[in-house]
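Biologist: I would like to go through this model with you. Please back each label with its value.

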Amino acid sequence: MEISKLSTFVVFMVLAMAHSSVAQNLPKDIVLAHNAARAQVGVPLVPLKWNKTLAAYAYQYASTRLIS
């Protein structure tokens, strides 16, 4: 059975929203929710890990986009 990208996205968003409503949104909580969603749809890759360098870059990038 083939799962569409939209179905995968919907499952991930529902799980992420449900989890974030009870989590404190710590990096480990975000990664756990994301990995749970990936596992539910059968992503055969290794679980993701939080990367502080990438998070800092994303934060800086988002901060510059808020100003413009």
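Biologist: Where is the place of Asn35?

Modeller: This is a predicted model. In it, Asn35 sits in helix α2.

Biologist: Why is Asn35 called buried?

Modeller: Its relative accessible area is 16%. Buried means under 20%. Asn35 therefore counts as buried.

Biologist: Which residues is Asn35 in contact with, leaving aside its neighbours within four places in sequence?

Modeller: Pro47 and Leu48. Contact means heavy atoms within 4.5 Å.

Biologist: Which residues in α2 are buried?

Modeller: Asn35 is one of them. The others are Asp29, Val31, Ala33, Ala37 and Arg38.

Biologist: How do you know that the span of α2 is close to what is expected?

Modeller: α2 has 14 residues. At 1.5 Å a residue, 20 Å is expected. From first C-alpha to last, α2 reaches 20 Å.

Biologist: What phi does Gly42 take, just after α2?

Modeller: A positive one, about 80°.

Biologist: Turn to helix α1, residues 5-22. What makes Ala16 count as buried?

Modeller: Ala16 belongs to that helix. Its relative accessibility is 19%. The cut-off is under 20%, so Ala16 counts as buried.

Biologist: Thr8 is found in α1 as well. Why is Thr8 called partly exposed?

Modeller: Its relative accessible area is 28%. Buried needs under 20% and exposed needs over 50%. The value for Thr8 falls in between, so Thr8 is partly exposed.

Biologist: How far apart in space are Ala16 and Ile30?

Modeller: Their C-alpha atoms are 7.5 Å apart, with their places 14 residues apart in sequence. Thr8 and Ala37 give another pair: 29 residues apart in sequence, 8.2 Å apart C-alpha to C-alpha.

Biologist: Now α3, residues 52-67. How do you know that its length agrees with a helix of 16 residues?

Modeller: At 1.5 Å a residue, α3 should span 22 Å. Its end C-alpha atoms are 23 Å apart, which agrees.

Biologist: Why is α3 said to lie largely in the open?

Modeller: Count its buried residues. The number is 0 of 16, so α3 lies largely in the open.

Biologist: What makes Asn51 a cap at the N-terminal end of α3?

Modeller: A side-chain oxygen of Asn51 lies 2.9 Å from the backbone nitrogen of Thr53. The limit for a polar contact is 3.5 Å, so this pair is within it.

Biologist: Next, the largest pocket. Which residues line it?

Modeller: Ile30, Val31, His34, Leu48, Lys49, Trp50, Asn51, Leu54 and Ala55. The elements giving two or more residues to that lining are α2 and α3. The largest share, 3 residues, comes from α2.

Biologist: How many residues of the lining are nonpolar, polar and charged?

Modeller: The lining divides into 6 nonpolar, 2 polar and 1 charged. Lys counts as charged, so Lys49 is the charged one.

Biologist: How much space lies in the largest pocket?

Modeller: About 210 Å³.

Biologist: Last, the whole chain. How many helices and strands does it have?

Modeller: The chain has 3 helices and 0 strands. Along the sequence the pattern reads α-α-α.

Biologist: What percentage of the 68 residues count as buried?

Modeller: 13% of them.

Notes. Residues are numbered from 1 along each chain as its sequence is written. This is a predicted model: local features need pLDDT of at least 70, side-chain atom pairs count only at pLDDT 80 or more; totals for chains, interfaces and linings use all residues. Side-chain values use heavy atoms; hydrogens and water are left out. Helices (H or I, at least four residues) and strands (E, at least two) are DSSP runs, numbered from the N terminus. The expected span of a helix is 1.5 Å times one less than its number of residues. Buried means under 20% relative accessible area, exposed over 50%, partly exposed in between (1.4 Å probe, protein chains only). A polar contact is a pair of N or O atoms within 3.5 Å; within protein, one must be able to donate a hydrogen and the other to accept it, and residues adjacent in sequence count only if both atoms are side-chain atoms. On a 1 Å grid over the protein atoms alone, a cavity is a set of points where a 1.4 Å probe fits but cannot get out, and a pocket is an open set with protein on both sides within 12 Å along at least five of seven lines; lining residues have an atom within 4 Å of a point. Grid points are joined across faces, edges and corners, and a volume is the space filled by probe spheres set on the points.
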